[in-house]
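This report describes the architecture of one protein chain. Please keep the sequence and the model in view while reading.

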Amino acid sequence: MAISSYFNKFKRGVEFMEGREKIKLSDLCTGEAMHIVDVAFLPGEMGDYAVFTIEGKPESFVFGNSVVTEILKQISDDGMLDELKNVGVVFSEKSSKKNRKYICMDFVD
């Protein structure tokens, strides 16, 4: 194993994050359909969480919440990440039964 590849495992980011600015997931709650371009998962204290980019926002990346991460993880596990680029996604804020606000994503044609 090359020395550089050993130390790369300690890197705390994803290549597509470099040079981009983090935006809030709530900034995507516009009611407009968007396309997710890149998706990766980073380890966190509570498990992996998603980081992704949106078409039309090349200067930005977004961290997913637990709801979005769970959906993207299932899409990844099902081998459908390449197909995700072709499907519109609408992000919206919802309220849980306990009246807690969260952001979810719905797929549109």
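The text below treats the overall fold, the nonpolar cores, the sheet and two individual residues.

**Basis of the description**

The model is predicted, with local features requiring pLDDT of at least 70 and side-chain atom pairs counting only at pLDDT 80 or more, while totals for chains, interfaces and linings use all residues. Residues are numbered from 1 along each chain as its sequence is written, and side-chain values use heavy atoms, leaving out hydrogens and water.

**Overall fold**

The protein contains three helices and six strands; these are DSSP runs, helices being H or I of at least four residues and strands E of at least two, numbered from the N terminus. Along the sequence, the elements follow the pattern α-β-β-β-β-α-α-β-β. Of the 109 residues, 30% count as buried, where buried means under 20% relative accessible area, exposed over 50% and partly exposed in between (1.4 Å probe, protein chains only). The exposed surface of the protein is about 7600 Å², with carbon and sulfur atoms supplying 49% of it; the area comes from the Shrake-Rupley method with a 1.4 Å probe. Among contacts (heavy atoms within 4.5 Å) with a separation of 6 or more, 50% join residues 24 or more positions apart.

**Nonpolar cores**

In soluble globular proteins, nonpolar side chains tend to be buried together. A nonpolar core is here a set of buried Ala, Val, Leu, Ile, Met, Phe, Trp, Tyr and Cys residues joined through side-chain atoms within 4.5 Å. The largest such core has 18 residues, and those with the most contacts inside it are L25, L28, I36, F52, L72 and F91. Two or more residues each come from β2 (36-44), β3 (47-54), α2 (66-77), β5 (88-95) and β6 (101-108). Another core, of seven residues, lies apart from it and includes V14, M17, A40 and L42. Not counting residues up to four places away in sequence, L72 touches I36, V39, F41, A50, F52, L81, L84 and M105.

**The four-stranded sheet**

Strands of a sheet pair through backbone hydrogen bonds, either parallel or antiparallel. In this model, four strands form an open sheet of mixed pairing in the order β1-β4-β3-β2, two strands being paired if DSSP finds at least two bridges between them. The edge strands are β1 (21-23) and β2, each pairing on one side only. β1 and β4 are parallel and share three bridges, whereas β3 and β4 run antiparallel and are joined by two bridges. Three bridge partners in β4 are listed below.

| Residue | Partner in β4 |
|---|---|
| E21 | S60 |
| I23 | V62 |
| F52 | V62 |

V62 is thus listed as the partner of I23 and of F52. β3 and β4 also form a hairpin with five residues between them, and G56 in the turn has a positive phi of about 90 degrees.

**Two individual residues**

S60 lies in strand β4 (residues 60-63). This residue counts as buried because its relative accessibility is 6%. Beyond its neighbours within four places in sequence, S60 is in contact with R20, E21, I23 and T53. The side chain of S60 also makes a polar contact with the side chain of E59 at 3.4 Å; such a contact is a pair of N or O atoms within 3.5 Å, in which, within protein, one must be able to donate a hydrogen and the other to accept it, and residues adjacent in sequence count only if both atoms are side-chain atoms.

N99 is located in the loop between β5 and β6. Although N99 is not a glycine, it has a positive phi of about 65 degrees. N99 counts as exposed because its relative accessibility is 61%.
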